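Please read these comments with the structure open beside you, and go through the points in order. They are meant as a colleague's notes for a careful first look.

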Amino acid sequence: MGSERTAVLGVGQTHYRSTRGDVSMAGLVREAAMRALADAGLEWSDIDAVVIGKAPDFFEGVMMPELYLADALGCVGKPILRVHTAGSVGGSTALVATSLIQGRIHRRVLTLGFEKQSESNATWALSLPQPFSVSINAGAGGYFSPIIRQYMARSGAPELVGCMVAFKDRQHALSNPYAHLRQHDLTFEQVVEAPMLWDPIRFSETCPSSDGACAMVLGDEAAGDASPRPVAWVHGTAMRSEANNFPGRDEVSPQASRDCAADVFRQAGITDPRREIDVVEMYVPFSWFEPIWLESLGFAERDQGWRMVEEGATRLEGGDLPVNCSGGVLSSNPIGASGMIRFAEAALQVRAMAGDHQVDGARVALGHAYGGGAQYFAMWVVGADKP
Amino acid sequence: MREVAVVSSAIHQVEALTFTTDVQLMVPLINEARSAVGLTQADIGFTCSGSSDFLAGQGFSFVQTLDAVGAFPPISESHVEMDGAFALYEAWVKLQIGEIDTALVYCYGKSSPGSRRDVLAVQMDPYTVAPLWPDAHAVAAIQARLLLESGAVSAERLAEIAVRSQHHAVGNPNALRASADATVASVLSEAMVSDPLRPSDIAAESDGGCVVVLAAGDRARSLCERPAWIRGIDHRIDAHALGVRDLTRAPSAALAALKAGAPDDHLDIAEMHSPTTSQEHILATELGLGPDTVVNPSGGALAADTLMAAGLVRIAEAARRISNGEADRALAHATSGPCLQQNLVCVMEGQ
């Protein structure tokens, strides 16, 4: 019988800001959900089920907030699932929603990721003392900077490649009205001269802390065919996880990342990703993860990803593989939504609805998210054509 | 619907796992459930877990517990911040797609380090209710009071539910509150915790975990002599605000039971996740249980209630009774949220 074809019928995003004090959590998620419904030309009553994801509940101080959000998400009397898979959660959430269509459980599913970081303090939420273990109290940057150093050492990448990525993504963000950081006067020199936070990660090379939500309406083949607007068809989905810490683990290019990419490309029938993928939205919370993932995903040979950055291959203007045309995680980071934004922006590109950051003629796009200690991976390939 | 069955399970519940990490808890349980059907992690098509950061006191707490699975080579895996019964639902959906034949589901909860009734207060509306710190027993007591005053049930009937649970729990190694000597009179003589709820009306709090292995079609038949076939599984949610609900009802439970096909045929047993006797009474009505259905043969959640696991434990307990021939058709139920807000129903059969 095979799995049901799945289409992205609608996308809705809030504006990403450091504080959305004008809305409650319920107001925030409803804003994104209603925009997704409007984009899909559907009503609340058309939705069969809701799949919601967010990062740790400590980020808002609400335990299992989907219980409280059920009313705002119009799912009284409907099923709701709450996904939580570390930083990849937004991507994983979209994939769980996709599986409800692929498995023919439901015909139309609303999926949503959100974070309202201003309600709490993320550094506190990630630094709670634990029995039986020693906290490194270094935050995510402290965790990832040694991995970046390892990448620089083994690839021989020039020191300013990370700054090039950060400058590029902040420039891309100027074309995205939803982006959090819109730094019109930013210069490359300012990126380079920014304070060093976790050597080699400068302040300018890190993601912001954002409030925001992103939603998608997914539908089955009949719903996709009936959609009044262009849809994005799901060509492949994959999730992989691996243990955090063991001898011999390749932390720069984890096997889970490589396996996940191989699986999603196999499903989508892609053998030469650099040539066959038109645009990528990848999870880059620290600038150096762009060249790292370019290699791990197979867009560049090992130790060569930084050359693509240096050559401008990943730029919206003139690049042959534009990466993070929305500005990426470096420009907006409502953590629980960040993965879903990648998936949604990939869908917008192949629907030719990405506005000023549209890649001309984009037909096939990759959405990518990762989390934990680079352990959790979620990816999808979407296309303008029905698979 | 593709045929999917519970082929193996493992349960561990105790009063407090004070000196045991989540990984230490789950390593033997996961090994027990996998090895009972001769599987290693390499044979598992999809893994899904359920747990709560608020119980662990740590963000991304489930990341470390992945060590208990043996996640290398990398696995296809997901996690829900929900009871393990909902993780089982996600795994069942993956099996419906048809590309895999096996799934591992696990969950765990350790509430003993904190005050559970206070922790659950932060599940309420964060702007208007949670700041008042309504403790979970008090919220359940409002519901019980409304139920009693509606005339739908008497205090004696609630005590009978408590007594039946304690009798059934005798012989269940995972039950904390079990007594062959419990009587209605002894329960009614207990001092109130939150009027009208007495200690025996409220689930015994436990720490623990549960693991279930699912398999599809012929794979299930090859792994297990008598698999517990999932004939229907569905979950629904009601409104959150207590003020907009009729708290003497749980319409989401009735709807989930209907969608799961529970009323289609006779049920030999029903394992319900009811944190109070009053909620068990409401559920029995909403799920449409007849007088000849044996309710909570394990003692149910009243005998041991592990947050994030009690629902999956119900599925495991019901599946065991199908696999050992005690029952031909069983219902298992999980709940989440205040006053039975969210409900899952799983109907299983031996044939």
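1. For chain A, which has 387 residues, a compact globule would be expected to have a radius of gyration near 21 Å, and the chain has 19 Å, which agrees with that expectation. Along the principal axes, the C-alpha trace of chain A spans about 55 × 45 × 45 Å. Please keep in mind throughout that this is a predicted model.

2. On confidence, the model scores ipTM 0.98 and pTM 0.98, while chain B has a mean pLDDT of 97, with 100% of its residues reaching 70 or more. As a general caution, where pLDDT is low the predicted coordinates should not be read in detail.

3. Chain A contains 13 helices and 11 strands, and buried residues account for 62% of its 387 residues. If one takes the contacts in chain A between residues at least 6 apart in sequence, 79% of them join residues at least 24 apart.

4. Where the two chains meet, 53 residues of chain A are in contact with 49 residues of chain B. On the side of chain A that touches chain B, at least two residues each come from helix H2 (66-69), strand E3 (80-83), helix H3 (89-102), strand E8 (232-241) and helix H9 (255-268) of chain A. Of these, H3(A) gives the most, with 5 residues. Sorted by character, the residues on this side of chain A are 28 nonpolar, 16 polar and 9 charged.

5. The largest nonpolar core holds 262 residues, and those that touch the most other members are Ala347(A), Val105(B), Val212(B), Leu214(B), Leu312(B), Ile315(B) and Met348(B). Helix H13 of chain A, residues 335-350, gives the most to this core, with 10 residues. Apart from this core lies another, of 5 residues, which include Tyr16(A), Ala173(A), Ala179(A) and Leu181(A).

6. Which residues does Val105(B) touch, not counting those up to four places away in sequence? They are Cys48(B), Gly84(B), Ala87(B), Leu88(B), Ala91(B), Val211(B), Val212(B), Leu214(B) and Leu312(B).

7. Helix H11 of chain B, residues 277-286, is mostly covered, with 8 of its 10 residues buried. These buried residues are Thr277(B), Ser278(B), Gln279(B), Glu280(B), His281(B), Ile282(B), Leu283(B) and Glu286(B). They pack against helix H6 (136-149), helix H7 (155-169), helix H10 (251-259), helix H12 (300-303) and strand E10 (329-336) of chain B. Just after H11(B), Gly288(B) takes a positive phi of about 70 degrees.

8. Ala362(A) is found in the loop between H13 and strand E10 (364-371) of chain A. Is this loop residue, Ala362(A), buried or exposed? Ala362(A) counts as buried because it has 21 C-beta neighbours inside 10 Å, and the cut-off for a buried residue is 20 or more. Leaving out residues up to four places away in sequence, Ala362(A) touches Asp278(A), Val279(A), Gln349(A) and Val350(A). By contrast with these contacts, one may look at His15(A), which is 347 residues away from Ala362(A) along the chain, with 24 Å between the two C-alpha atoms.

9. Some backbone details deserve a separate look, given that most residues other than glycine have a negative phi, and most peptide bonds are trans. In chain A, the peptide bond from Asp199(A) to Pro200(A) is cis, with omega near 10 degrees, and Pro200(A) is found in the loop between strand E5 (196-198) and strand E6 (201-202). In chain B, the peptide bond from Phe72(B) to Pro73(B) is cis, with omega near 0 degrees, and Pro73(B) is found in the loop between helix H3 (61-65) and strand E3 (77-80).

10. Phe60(B), in the loop between helix H2 (53-56) and H3 of chain B, has a phi near 55 degrees, a positive value in a residue other than glycine. Phe60(B) counts as buried because it has 23 C-beta neighbours inside 10 Å. Cys339(B), in the loop between E10 and strand E11 (342-349) of chain B, also has a positive phi, of about 55 degrees, although it is not a glycine. With 24 C-beta neighbours inside 10 Å, Cys339(B) likewise counts as buried.

How values were computed: Residues numbered from 1 in each chain as written. Chains lettered and ligands numbered in written order. Predicted model: local features only at pLDDT ≥ 70, side-chain atom pairs only at ≥ 80, totals over all residues. Contact = placed C-beta atoms within 7 Å. Helix = DSSP H or I, 4+ residues; strand = E, 2+ residues; numbered from the N terminus. Nonpolar A, V, L, I, M, F, W, Y, C, P; charged D, E, K, R; others polar. pLDDT = per-residue confidence, 0-100. Core = buried A, V, L, I, M, F, W, Y, C linked by C-beta atoms within 7 Å. Buried ≥ 20, exposed ≤ 12 C-beta atoms within 10 Å, placed from the backbone. Rg over C-alpha atoms; globule rule 2.2 N^0.38 Å.
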